[in-house]
Amino acid sequence: MKITRITYFEVIVPAKEGTIQSKGINKPLHKLPVGAKAGWSLQFDQLSKLIIKLELASGIIGWGELYRSHNWIVVEDIINTLLGQDIETICLQKLPITFCREYDGFECAIWDAYAKLHNMRVVDLLGGPMKDKVKAGAWSSHRNIEDIGDLVSSFHKQGYDCIKFKSDLDDDIVGWCRIINDVAPGMKIILDPNERWEYVSETKRRIDGLKEIGNVLCLEDPISRWKLNEYAQLRNYSSIPIVLHVSMPYILEGQRIKDAIVAIQMQAIDGFNFNGGLANFQRLDHIASAAELPCWHGSEIDLGIMEAMYVHSSAAAASCIWPGDIFGRMIREHDLLKTPLKFEPPFVLLPEGLGLGVEPDEDAIAHYLVSSKEYH
């Protein structure tokens, strides 16, 4: 059961026209620096992703997907470390590689192959599903206020009952929420400033306008994450839940699992957006579950392989009850799957079949291909 071959396919899959933000707005969403370029300088769909095909000597194939903006040196070192290893001897909870931004994509491929080898689903490796469908929300980045009504009405008619918006101090989020309350009664809103509301005073001013409307599900990372004492102030200021995003792919920003524990200890939050690989997401779910707090699974507006992984993680997680960020196919031209994940808004169904339960569309991969390389 040795790993005999690993192939990567580098792809760039653009977003569909109009799905990110309103015309005339140019606010890139990739938060991390890329090379010498600062964070927030590139749009997410400009960056390539790697699809990983991991083959065992028996012919079993495991598929993985890396987060965007990978480090080529790290990718090659991981591949060389894994080649020749017997997958039966690898500890799934802790792979024989250091934790890094590239870790989760290779973990995905290994778990997919391991589950197939044992005639199991990935969710079974996590202890089995607690639910067979997972709440999912709609999504948008920054919008002009005149676009809000049509955008949200469209999602509401499809069956979605929650939409997440990116926002900063320039956005009229109170105006957005008033319009949404009128055109989509019952529709909830997650506001995600990505720490860009900057000050408690600015955040309170917006909360004052929002709490009267009453359709905000929660407010995620309104100010800098390290100001947890101020998160606690905001939590006590109104009934709008305050959420902390704990994202293991943001290792470069110093985010760690312990962030969730500290936030709970400081009574600073009402729930979480967790993003990470299979083993780490389960660790975070166990923390939230023990604290009797809800969460949802975050994303980086990914492609189908990684989103399938998110669905398996979410289905096995007791705390994962808020609408997840599983909307890549909604935003991008393709998810690179032969059969897309099945959505019955506001839910996405747990895939059937062994491993991840999805099959990559190799013709679509070839269409969006930038480069590929095989190692054996």
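**Note on the cores, sheets and aromatic contacts**

1. The largest nonpolar core has 63 residues, and those with the most contacts inside it are Val11, Ile51, Leu54, Phe106, Leu336, Leu341 and Leu356. The model under discussion is a predicted one. At least two residues of this core come from each of E1, E2, helix H1 (72-82), helix H2 (103-117), helix H3 (122-125), helix H9 (278-290), helix H10 (304-315) and helix H12 (362-367). H2 supplies the largest share, 10 residues.

2. Phe106 deserves separate mention. Not counting residues up to four places away in sequence, Phe106 touches Ile52, Leu66, Val75, Ile78, Ile79, Leu82 and Leu95. Another core, of 58 residues, lies apart from the largest one; Leu29, Val152, Ile240 and Met330 are among its members. In soluble globular proteins, nonpolar side chains tend to be buried together.

3. One open sheet consists of four strands in the order E3-E2-E1-E14, with antiparallel pairing. Strand E3 (61-65) and strand E14 (369-375) are at the edges with a single partner strand each, so one side of each is left without a neighbour in the sheet. From one strand to the next, the twist averages 15°. E1 and E14 run antiparallel and are joined by six bridges; Tyr8 stands opposite Lys373 in E14.

4. Two helices lie across strands of this four-stranded sheet. H1 lies across E1, E2 and E14 and runs at about 160° to E1. H2 lies across E2 and E3, at about 155° to E3. H1 and H2 each also supply at least two residues of the 63-residue core.

5. A second open sheet has seven strands in the order E5-E6-E7-E8-E9-E10-E11, and its pairing is parallel. E5 and strand E11 (295-297) occupy the edges; each has a single partner strand, so one side of each is left without a neighbour in the sheet. The twist here averages 25° from one strand to the next.

6. Within the seven-stranded sheet, strand E9 (residues 242-247) and strand E10 (residues 271-275) pair in the parallel sense over five bridges. Val246 stands opposite Phe274 in E10. Helix H4 (residues 145-158) packs on the sheet, where it touches E5 and E6, and its direction makes about 140° with that of E6.

7. The whole structure contains 11 aromatic pairs. In one of them, the ring centres of Phe44 and Trp139 are 6.5 Å apart and the planes are at 85°, so the pair is edge-to-face. Phe44 lies in the loop between strand E1 (3-11) and strand E2 (49-56), and Trp139 in strand E5 (residues 138-140), so the pair ties together parts that are 95 residues apart in sequence. Phe44 and Trp139 are both buried.

8. Phe165 and Trp176 make a further pair: with centres 4.9 Å apart and planes at 40°, the rings are classed as tilted, since stacked requires planes under 30 degrees apart and edge-to-face over 60. Phe165 belongs to strand E6 (residues 162-166) and Trp176 to helix H5 (residues 173-183), so the pair ties together parts that are 11 residues apart in sequence. Phe165 and Trp176 are both buried.

9. Other aromatic contacts should be recorded. Tyr8, Trp72 and Tyr375 form one aromatic cluster. The charged end of Arg206 sits over the ring of Trp197, 5.8 Å from its centre. Lys211 lies over the face of Tyr237, with a distance of 5.0 Å from the ring centre.

Note on methods:
Residues numbered from 1 in each chain as written. Predicted model: local features only at pLDDT ≥ 70, side-chain atom pairs only at ≥ 80, totals over all residues. Heavy atoms only, no water. Phe/Tyr/Trp six-rings, centres within 6.5 Å; stacked < 30°, edge-to-face > 60°. Buried < 20%, exposed > 50% of the residue type's maximum accessible area, 1.4 Å probe, protein only. Lys NZ or Arg CZ within 6 Å of the ring centre and 35° of its normal. Core = buried A, V, L, I, M, F, W, Y, C linked by side-chain atoms within 4.5 Å. Contact = heavy atoms within 4.5 Å. Pairing = 2+ DSSP bridges. Axes fitted to C-alpha atoms, helices over the stretch in contact; angles between N-to-C directions.
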